[in-house]
Amino acid sequence: MKVLLTFDNNNYKLEKLSNYLQQRHISYCSLALFKCQSLPIDNSLISIVKKADIIIFSSANAVNYSQKLHKLLDDKLLLSIGKNTTRTMQKYALIANITAQKPFGSESLLRSIALQKIANKHIVLLTADPNRGYLQQILENRKAKITTISVYSIMPTKIQLPKDFFTESYLIIISNALSLKNLIQNLDNQHKKQFLIQQTVLVISERLKSVAKNLGLTKIIVSENASLTAICKKIMQYY
């Protein structure tokens, strides 16, 4: 059995997971099922950030692709969606005032004290296009003045499956819904889709598990959170 990694080629986890599997002599392969691309940040968005009280980084990529804004954040309350995002912030000398606790993610961050009494607070959410939209919805319900700025886009890539792909069995690591949907769309007949349904899929959240179920997958395991440590732990439990 092989492990199939489906993180984008810019994701640090791809290299880290590859090294982890090599060290344990676990066979693996990787597919780039999506790619990230920076989006322009114009002066109108810069003006919005200057007026913000709170900045939320929704991912490590949101940190990487928002460098143009970093110099404006010294007097802002900075919130991070999880440990990896916080570590990435530190690379740019940005200190997260609050990091979502386990299980990392939007739901956990929304429980933080800083996001309770926020009526009329100016909040900027730095995120991807497309994005889940969940954080913005809840913050609007709490009467915050929320602006979502997409600093990068996530796009499906054209993939070419290895010739021997359908002769192996896999533990497939899925990090987002777009990866899973793109993989299924590249399986151009019912026989191939049936093959995928028979594989075990490791997802990083209960929400993504629901997406996988809706797409017809049945063998689904869930890591405790999206961190590299949690994913590796789940891989070893499976093996």
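Is Leu 126 buried or exposed, and what is its relative accessible area? In this predicted model, Leu 126 is buried, with a relative accessible area of 1%; buried means under 20% relative accessible area, exposed over 50%, and partly exposed in between (1.4 Å probe, protein chains only). Residues are numbered from 1 along each chain as its sequence is written, and side-chain values use heavy atoms, with hydrogens and water left out. Because the model is predicted, local features need pLDDT of at least 70 and side-chain atom pairs count only at pLDDT 80 or more, while totals for chains, interfaces and linings use all residues.

Leu 126 belongs to strand β7 (residues 122–129). Helices (H or I, at least four residues) and strands (E, at least two) are DSSP runs, numbered from the N terminus. Beyond the neighbours within four places in sequence, the contacts of Leu 126 include Ile 55, Phe 57, Leu 69, Ile 149 and Val 151, contact meaning heavy atoms within 4.5 Å. Leu 17 lies 109 residues from Leu 126 in sequence and 26 Å from Leu 126 in space, C-alpha to C-alpha.

An open sheet of 5 strands follows the order β2-β1-β9-β10-β11 with parallel pairing; two strands pair if DSSP finds at least two bridges between them. Its edge strands, each pairing on one side only, are β2 (28–30) and β11 (220–222). On average, neighbouring strands of this sheet are turned by 25° against each other, direction ignored. Axes are lines fitted to C-alpha atoms, for helices over the stretch in contact, and angles run from 0 to 180 degrees between N-to-C directions.

Strand β1 (residues 2–5) is covered on both faces, with Lys 2 and Leu 4 buried on one side and Val 3 and Leu 5 buried on the other. Strand β1 is joined to β9 by 4 bridges, and Leu 4 has Ile 172 as its bridge partner in β9. Towards β2, β1 forms 3 bridges, with Ser 30 as the bridge partner of Leu 5. Strand β10 (residues 200–203) pairs with β11 over 3 bridges in the parallel sense, and Val 201 stands opposite Ile 220 in β11. Helix α9 (residues 206–214) lies across β9 (170–174), β10 and β11, and runs at about 170° to β11.

In helix α4 (residues 83–91), the buried residues are Asn 84, Thr 85, Thr 86, Thr 88 and Met 89. After α4 comes Ala 93, with a positive phi near 60°. Tyr 239, in the segment after α10 (228–238), counts as partly exposed at 42% relative accessibility.
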